[in-house]
Amino acid sequence: MGLIRSLRTREPRLPLYRKLQSPTKEHCSDDEWLSEDDTEQNSRGSSRSTSGSSSGLLLSPRKSKVTPMRRPAGVYPYRLPAKVTRYLVCTVIGIIVVMILSLVRASQIENWKVANGQLESRPTPPPVWEKFPFLERYYGGLETLLTKEDNKPEYPHIIKDEPNLLKETKQEKEQEKELKEELAAEDSEIIESANDAETKHEEQTEPTSNKVSEETKRDVSSSRGWNGYRGRNEESDIQECFLDEAATIRVPELRYYNGRPKGFPEHIIGSFEVLKLPEDICFDRYGRYGPYGFGYSSRNGGLSVGEHGEKNGSEAVWEKTPRVDFRSVDWADVQRRCFKANSDRYHDVPHRTLTPHGFYIQESGKFTKTENEKRAEPSAIATPIPSHSLNSTDGLKKEAKETSKATTDDKKTNEKKRSRTAVVVRCWDEYQWHEDDIAHMRSLITELAVASGGRYDIHLLVQVKNDADHPIWADEGVYLQRIEDVIPAEFRNIVTLWTETQMLSLYQGIYDLFSRGPELPVHGVYRGLSMAMQYFAYMHPEYDYFWQWEMDVRYTGHYYDLFTKIENWAAAQPRKGLWDRNARFYFPSIHGSWDDFSQMSRVQTEMGVVGADDVWKNVPGLDGKSHEKDTRRSQKAIWGPVRPEDNDDWLEPANDPIPPIAYEQDRFQWGVDEEADYISLNPMFDPEGTTWGLRDDITGYNRTASPPPRRANIITTSRMSRRLLMTMHKMTALKKQFAFPEMWPATVALQHGYKAVFAPHPVFVDRAWPVEYMAQMFNNGRDGASGGSRTSIFGDREHNMHGLSWFYNSGFAPNLYRRWLGLKVNNDGGEEFETTEDHSKSGKGVGNMRGGEGRMCLPPMLLHPIKDVQVPVEVPDQKAGEEEAPVSDPSA
């Protein structure tokens with residue numbers, strides 16, 4: 001409107017003749033809304049335009065000045081200055097441009113995520129294995145024991161020609177429906193006859209999978225002593241070892257039961273038969289830990305756990321041998337006395353490796369090498385030849401015969417001597433010791449060191465986490481005080497302390513990749529655990545082999561039987577096809593016998609197996625050129641050392657074992673009766689190409705061409721030879737080469753041609769997996785192995801192993817172990833479950849088991865991880881006239 005008014009004011013105006021006499025006429029001219037300035041300007045313009053021609057025109061009377069009306073306030077807002085308007089318009093346009101560019105960029109990012117498979121359009125669905133039902137008969141009791149021949153295991157079920165392994169069959173659904181109907185009818189009968197139910201329930205049968213008929217229930221058969229089991233391994237010609245110097249205190253033997261609880265599932269991975277482990281017996285908690293203080297009070301030297309609850313038949317543990325008072329036992333002295341009593345059976349013990357400390361007045365002034373270096377060097381002094389035989393051929397022959405005879409005699413003598421093994425149990429100084437840990441350590445020492453006559457020694461390798469507050473290397477008193485503060489009294493003298501700063505000073509110069517961030521350096525306990533074992537082996541030349549054990553490992557059988565059978569089986573394995581077998585899980589229900597499995601592994605490696613990495617083979621347009629060459633390349637059989645490409649990465653290659661004949665000519669002879677340098681309890685897989693997060697955590701190698709050859713196995717529990725550990729020690733100290741602890745020993749064994757064996761011990765699973773599907777999932781790597789491919793189970797697919805009885809983050813193992821000890825887990829189990837049958841429960845599921853079958857009984861199996869098991873401790877009553885009970889170790 002303002003613009004229109006301005007245009008109007010500029011139009012030429014003529015004088016208007018108005019009738020001044022009509023006072024009622026309204027002034028409707030737009031000029032009335034003009035401002036005073038505009039009115040005056042127009043008046044002056046009109047005067048100038050008419051002054052020159054006033055003579056020829058009749059002029060109207062002069063108009064009186066009219067005051068214009070004021071514009072009402074608020075009708076038109078304040079007008080912004082032009083400068084501000086321009087800035088505002090530019091800002092709006094800029095915002096619009098930025099929004100458009102942002103949308104374009106977001107679209108590009110979204111397209112890139114879709115193309116690379118990184119778009120999470122919806123939450124990740126639960127894993128397939130979580131849909132499989134739980135197995136129930138693991139938790140059966142002693143009252144339902146059946147022999148192995150009579151027992152029908154709940155699992156595995158092998159269904160051939162099944163269209164879909166992940167769905168239940170129609171037959172199973174019909175059986176489940178019938179089962180529910182029977183349970184509902186039976187429960188209604190129980191409710192109606194509640195008054196006289198007790199007499200009637202004893203006569204009824206229960207045709208359900210989770211209930212056991214009264215015909216099956218019977219009195220608990222008496223347990224039997226372990227020393228009478230025919231299939232056990234034992235040391236022959238040894239002097240019996242005792243816990244005291246007077247040779248009067250023996251540890252009671254373990255007690256076992258024949259058979260298994262009704263329906264107890266079979267193992268799914270590994271084999272009892274292959275390793276010759278006992279599979280026709282089972283152990284309850286008293287038969288396993290009763291000899292070590294479980295079941296009697298601390299007043300009598302026990303643990304004050306397991307004194308109440310279901311104890312039927314538990315007293316048989318102490319019938320022949322009384323309870324042991326462990327309060328005065330020193331396990332270091334026990335092991336020393338046992339070794340001395342049988343020292344003639346073993347190799348001579350070399351002198352202890354001492355750390356250099358300079359000149360000392362009471363020592364000899366000669367600089368001498370250690371006994372280990374002397375043994376490693378060839379003899380520098382030749383055998384002198386008598387002067388009378390220098391010119392006599394007969395004399396030389398006679399001397400050679402005598403020398404050969406002496407050498408043969410010495411060799412025979414040495415062959416009779418046996419090597420010794422250290423079992424190194426890892427721990428840390430802030431570890432909370434519980435009664436279960438004490439019983440476990442007592443079982444290790446008794447069943448390995450005492451039962452073997454000194455063939456095994458048990459050590460505690462304890463890490464001091466904060467050596468700033470506890471400077472153990474600066475003062476011997478601080479060293480001993482730290483052990484006294486954190487370790488139970490009976491184990492203090494078998495402890496060796498170590499720290500991360502100690503490893504940093506020993507193995508300087510390693511290039512740290514920080515694969516897990518700066519909080520976890522290469523010298524730390526997480527990534528540098530093998531360093532402590534390497535240095536421990538260097539300081540203990542009296543051992544030829546070292547078992548690396550962990551505090552959270554349990555075995556429900558006899559430890560000596562397990563260790564010796566694994567070691568004997570590993571020594572009997574031929575080297576041909578060994579790495580192929582090491583890389584696979586053994587499923588006996590799918591793969592058949594061990595010979596069949598070995599043949600299958602060799603054929604798969606040599607011929608190849610079509611897997612997920614071969615999806616590019618038949619894609620139109622690719623013609624198999626870009627990917628098939630990488631995914632289907634033939635694998636070369638491992639025969640001898642597999643060294644890195646760069647010669648500078650080799651360490652003492654002349655000492656590596658060399659195959660005596662070609663691979664094709666060998667008839668599975670090389671390696672038989674050869675002690676294994678490395679024995680693992682999980683497959684040794686190729687981490688290259690997998691999604692395992694630590695596959696590249698290896699340093700000290702030239703990686704410009706390709707990464708070094710390597711192998712890995714999850715869980716560091718294993719046996720290593722002294723040769724292997726010393727090679728690892730030298731490579732770390734001299735070549736600055738190192739890898740993650742679960743990859744370093746197997747990698748060194750591969751690169752140097754040492755004998756490495758995976759022992760297929762029995763492993764159980766908590767759910768009813770379709771067996772064929774499970775075998776395919778676990779051996780889903782390259783060419784039917786467990787690794788070497790992005791589809792490997794190690795890495796993103798490790799969640800499939802959470803239900804195994806042996807895995808680093810298993811959820812099944814700790815639950816099974818606690819239930820076996822009589823504890824409640826997820827409100828299931830416990831004393832009431834073992835002693836009382838609950839008729840109100842019905843249906844499938846662990847939580848619907850009725851119980852009342854007695855204590856659980858487990859076959860010999862390895863369980864991991866078992867952490868923080870707190871069994872209720874019974875406090876002894878203080879009766880009048882009795883002495884005060886001894887104060888227990890606060891750290892226990």
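In the predicted model, Met-441 touches seven residues beyond its sequence neighbourhood: Val-425, Trp-433, Ile-458, Leu-460, Phe-491, Ile-494 and Met-551, with residues up to four places away left out of the count. Met-441 also ranks among the residues with the most contacts inside the largest nonpolar core. The others in that group are Trp-433, Leu-460, Phe-491, Trp-549, Met-774 and Phe-778. This core has 171 residues. A second core, separate from it, has five residues, including Leu-142, Tyr-257, Cys-282 and Cys-857. In soluble globular proteins, nonpolar side chains tend to be buried together.

The sheet comes next. Seven strands form an open sheet with mixed pairing. Their order is E8-E7-E6-E9-E13-E11-E15. Strand E8 (495-498) and strand E15 (756-758) each have a single partner strand, so one side of each lacks a neighbour in the sheet. On average, neighbouring strands are turned by 20 degrees against each other, direction ignored. At one edge, E15 runs parallel to strand E11 (residues 678-680), and three bridges join the two. Tyr-678 has Ala-756 of E15 as its bridge partner.

Two helices pack against these strands. Helix H15 (residues 559-571) packs on the sheet and touches E6, E7, E9, E11, strand E13 (718-721) and E15. The direction of H15 makes about 130 degrees with that of E9. Helix H11 (residues 435-450) lies across strand E6 (421-428), strand E7 (456-463) and strand E9 (545-550). H11 runs at about 150 degrees to E7.

Technical notes
Residues numbered from 1 in each chain as written. Predicted model: local features only at pLDDT ≥ 70, side-chain atom pairs only at ≥ 80, totals over all residues. Heavy atoms only, no water. Pairing = 2+ DSSP bridges. Helix = DSSP H or I, 4+ residues; strand = E, 2+ residues; numbered from the N terminus. Axes fitted to C-alpha atoms, helices over the stretch in contact; angles between N-to-C directions. Contact = heavy atoms within 4.5 Å. Core = buried A, V, L, I, M, F, W, Y, C linked by side-chain atoms within 4.5 Å. Buried < 20%, exposed > 50% of the residue type's maximum accessible area, 1.4 Å probe, protein only.
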